[in-house]
Amino acid sequence: MDGRFSPSRLILGLATCCLVVSLVSAVRADENIVDEKAKPDFRRDDISPVYRDMMVVQKKAIEKSGKIILHSYGSFDFSDGPVTMYGLNIDIGYAFSDQWEAYLNFTPAFVSIERSVTKKINSLFLQNGERAKVLFEKPKYHIGGSIYWIPAYGKDAWGPRHIIRSDTFFGIGYGITKYETDNGGKVRAVIGKTFFVKEYFNLRLAAGGALVQSVVDNQIESRAAALIEAGLAFYF
């Protein structure tokens with residue numbers, strides 16, 4: 001290889017460098033080009049009020065700390081027991097903070113409806129001629145307590161132009177149900193939401209499960225039950 005200086009080699013090297021620089025510049029320019037037609041054309045007024053000013057951290061609807069709470073609701077007990085129980089519940093609670101509430105639970109009345117399988121068994125006859133019968137005791141009332149933890153707040157859309165604030169809660173509780181001749185325990189766990197319609201008038205929905213003791217054939221039996229609760233919550 002000849003080590004002497006050659007003008008043709010210098011020109012070839014400069015041309016190669018210019019070509020490389022041009023290609024790199026073209027690639028970067030293509031990455032930064034934004035088609036103006038692809039930009040969304042909208043104004044703030046075009047955004048629905050449901051989604052306007054939406055934030056990750058939601059504001060609370062009311063200050064609950066230190067307030068007395070009246071919670072009235074109906075509960076529906078779905079299980080494999082001989083009867084389905086519907087209860088009218090009245091809870092009186094206190095908000096220790098915006099995230100913790102405690103309640104005294106009282107169910108003054110129940111509506112017990114025999115399941116179809118119970119009615120079918122009661123219509124059968126045994127070999128000795130006696131009628132088969134499932135013996136069960138109807139509940140009279142229930143007393144207990146529960147604690148609610150409210151970790152989250154948010155907004156929910158009610159229609160295209162209305163929003164309502166809400167919170168999400170987890171609740172656990174324990175109580176005693178009085179039957180005709182004996183008592184049975186009940187452990188309850190639910191998850192639900194409170195929709196703040198007005199300052200003192202709020203809708204509360206919850207669902208969960210329970211371990212319920214009932215009196216069947218003169219014995220205490222434990223069974224799992226699915227719960228659905230719907231009612232109103234008032235903060236004073």
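## Strand pairing around S7

Val212 stands opposite Arg223 in S8. This pair comes from a predicted model. Strands S7 and S8 are antiparallel partners, joined over 15 bridges. Arg204 also has its bridge partner in S8, namely Gly231. The two strands form a hairpin with 2 residues between them. In that hairpin, Asp217 has a positive phi near 55 degrees.

S7 also pairs with S6. The two run antiparallel, with 10 bridges between them. Here Val187 faces Leu211 in S7. S6 and S7 form a hairpin too, with 6 residues between the strands.

S8 has a further partner in S1. These strands are antiparallel and share 11 bridges. Phe76 sits opposite Ile228 in S8.

## Overall architecture

The protein has 2 helices and 8 strands. Their order along the sequence is α-β-β-β-α-β-β-β-β-β. The chain runs to 236 residues, and 33% of them are buried.

Long-range contacts figure strongly in the count. Take contacts between residues at least 6 apart in sequence: 61% of them join residues at least 24 apart.

## Nonpolar cores

The largest nonpolar core holds 18 residues. Those with the most contacts inside this core are Ile69, Tyr103, Tyr148, Phe169, Val190, Val212 and Tyr235. Three elements supply two or more residues each: S4 (141-157), S7 (202-216) and S8 (219-235). Val212 thus appears twice in this account: as a core residue and as the residue opposite Arg223.

A second core is separate and has 5 residues. Val83, Met85, Phe136 and Val216 are among them.

## Around Tyr103

Which residues does Tyr103 contact, leaving aside its neighbours within four places in sequence? The list is Ile69, His71, Asp91, Ile92, Gly93, Gly144, Gly145, Ser146, Tyr148, Arg204 and Tyr235. Ile69, Tyr148 and Tyr235 are on this list, and they are also named with Tyr103 for their contacts inside the largest core. Arg204, another contact of Tyr103, is the residue that bridges to Gly231.

## The largest cavity

A search of the whole structure turns up 2 cavities of 30 Å³ or more. The largest has a volume of about 230 Å³. Its lining comprises 23 residues. Asn89, Thr107, His142, Lys186 and Arg188 lie nearest the centre.

Many strands reach this lining. S1 (68-79), S2 (83-95), S3 (100-114), S4, S5 (163-178), S6 (183-195) and S8 each give two or more residues. S2 has the largest share, with 5 residues. By class, the lining has 8 nonpolar, 10 polar and 5 charged residues.

## The second cavity

The second largest cavity encloses about 50 Å³. Its lining consists of Pro82, Val83, Met85, Phe136, Glu137, Pro139, Tyr179, Ser214, Val215, Val216 and Arg223. S2 and S7 are the elements that give two or more residues. S7 gives the largest share, 3 residues. The class count is 8 nonpolar, 1 polar and 2 charged.

This lining meets the second core. Val83, Met85, Phe136 and Val216 line the cavity and belong to that core. Arg223 is another lining residue, and it stands across from Val212.

## Gln99 in the S2-S3 loop

Gln99 lies in the loop between S2 and S3. Is it buried, partly exposed or exposed? Gln99 counts as partly exposed because its relative accessibility is 36%, which falls between the 20% and 50% cut-offs.

Beyond residues up to four places away in sequence, Gln99 touches Tyr148, Trp149, Ile150 and Pro151. One of these, Tyr148, is named in the largest core and is also a contact of Tyr103. Lys64 lies 35 residues from Gln99 along the chain, yet their C-alpha atoms are 8.6 Å apart.

How values were computed:
Residues numbered from 1 in each chain as written. Predicted model: local features only at pLDDT ≥ 70, side-chain atom pairs only at ≥ 80, totals over all residues. Heavy atoms only, no water. Core = buried A, V, L, I, M, F, W, Y, C linked by side-chain atoms within 4.5 Å. Buried < 20%, exposed > 50% of the residue type's maximum accessible area, 1.4 Å probe, protein only. Helix = DSSP H or I, 4+ residues; strand = E, 2+ residues; numbered from the N terminus. Contact = heavy atoms within 4.5 Å. 1 Å grid on protein atoms, 1.4 Å probe; cavity = no way out; pocket = protein on both sides within 12 Å on 5 of 7 lines; lining within 4 Å. Points joined across faces, edges and corners; volume = space filled by probe spheres on them. Nonpolar A, V, L, I, M, F, W, Y, C, P; charged D, E, K, R; others polar. Pairing = 2+ DSSP bridges.
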